[in-house]
Amino acid sequence: TDYIKLKENDKSIGSIDVRAAQGLTALTAGDYDGDGADELAVYVPDFYEPYIRLYDVGEDGGLTPGAKIELNELAAPNDPFQYRFGFKNGNLPIVNLTTAGLSRGVTGKDSLVISACLPRSEDKTYTAHSQLPAFAVYENDGNGMKQVFLDHLDYGDYYLRFPAAVEADV
């Protein structure tokens, strides 16, 4: 394994902005279409319109692009452009992806759980946008990935800031 140590003033590794790297790490695998082979779900932190792309994994390990879920599908009701505007300073939405067997026993397919929120910004970059997080579940209905659940985790006087999910048997 090769490691790269950044000098004190370096802000990028090649074309990757280090400050935005937190937005480059969300991925999970699951059998979302029920064909017996896992697909790979990857967060793509586009600076204008971030999205999640599903990829079919071939027997040779090759990836074929599949369904695309625009992150703005999770936007808060009071902010229809919460995840669709020109992000700046590397402050991309924070996204967590999880695979869960919520309805696997009925459908034979895994569910994709997506949580997202805007990052905290010292310079108040996102004061014009909703700070509510999103927690959504997507399932394949035979025609593609469809949102079957969405909650903005708003409880009146407070809301959850950085939600995430993990599948567990409790």
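Where in the chain does Leu153 sit? You'll find Leu153 in the segment after β10 (145-151). Keep in mind that this is a predicted model. Below is a quick tour of the largest nonpolar core, and then of three buried residues: Leu153, His129 and Thr98.

**The nonpolar core**

- The largest nonpolar core has 24 residues, and the ones that touch the most other members are Ile52, Leu71, Leu74, Leu97, Leu112 and Ile114.
- Two or more residues of this core come from each of β4 (39-44), β5 (51-57), β7 (94-100), β8 (111-117) and β9 (134-140).
- Take Ile52 as an example: leaving out residues up to four places away in sequence, Ile52 touches Ala41, Val42, Tyr43, Ala67, Lys68, Ile69, Leu71, Leu97, Leu112 and Ile114.

**Leu153, after β10**

- Leu153 has a relative accessible area of 8%, so it counts as buried, the cut-off being under 20%.
- Not counting residues up to four places away in sequence, Leu153 touches Pro133, Phe135, Tyr158, Tyr159, Leu160 and Pro163.
- Look at Pro163 in that list: Leu153 and Pro163 are 10 residues apart in sequence, and their C-alpha atoms are 8.6 Å apart in space.

**His129, in a loop**

- His129 belongs to the loop between β8 and β9.
- Loop or not, His129 is buried because its relative accessibility is 16%, and the limit for buried is under 20%.
- The side chain of His129 makes a polar contact with the Asp79 side chain, at 3.0 Å.
- Setting aside neighbours within four places in sequence, His129 is in contact with Phe81, Gln82, Phe85 and Leu118 as well as Asp79.

**Thr98, in a strand**

- Thr98 lies in strand β7, one of the elements that give two or more residues to the core.
- Thr98 is buried, since its relative accessibility comes out at 9%.
- What does the side chain of Thr98 reach at 2.7 Å? That would be the backbone oxygen of Ala165.
- There's also a side-chain to side-chain polar contact between Thr98 and Asn96, at 3.2 Å.
- Beyond residues up to four places away in sequence, Thr98 touches Thr28, Ser111, Leu112, Val113, Ala165, Val166 and Glu167.
- Leu112 turns up among the residues touched by Thr98 and among those touched by Ile52.

Notes:
Residues numbered from 1 in each chain as written. Predicted model: local features only at pLDDT ≥ 70, side-chain atom pairs only at ≥ 80, totals over all residues. Heavy atoms only, no water. Core = buried A, V, L, I, M, F, W, Y, C linked by side-chain atoms within 4.5 Å. Buried < 20%, exposed > 50% of the residue type's maximum accessible area, 1.4 Å probe, protein only. Helix = DSSP H or I, 4+ residues; strand = E, 2+ residues; numbered from the N terminus. Contact = heavy atoms within 4.5 Å. Polar contact = N/O pair within 3.5 Å; in protein donor to acceptor, adjacent residues only side chain to side chain.
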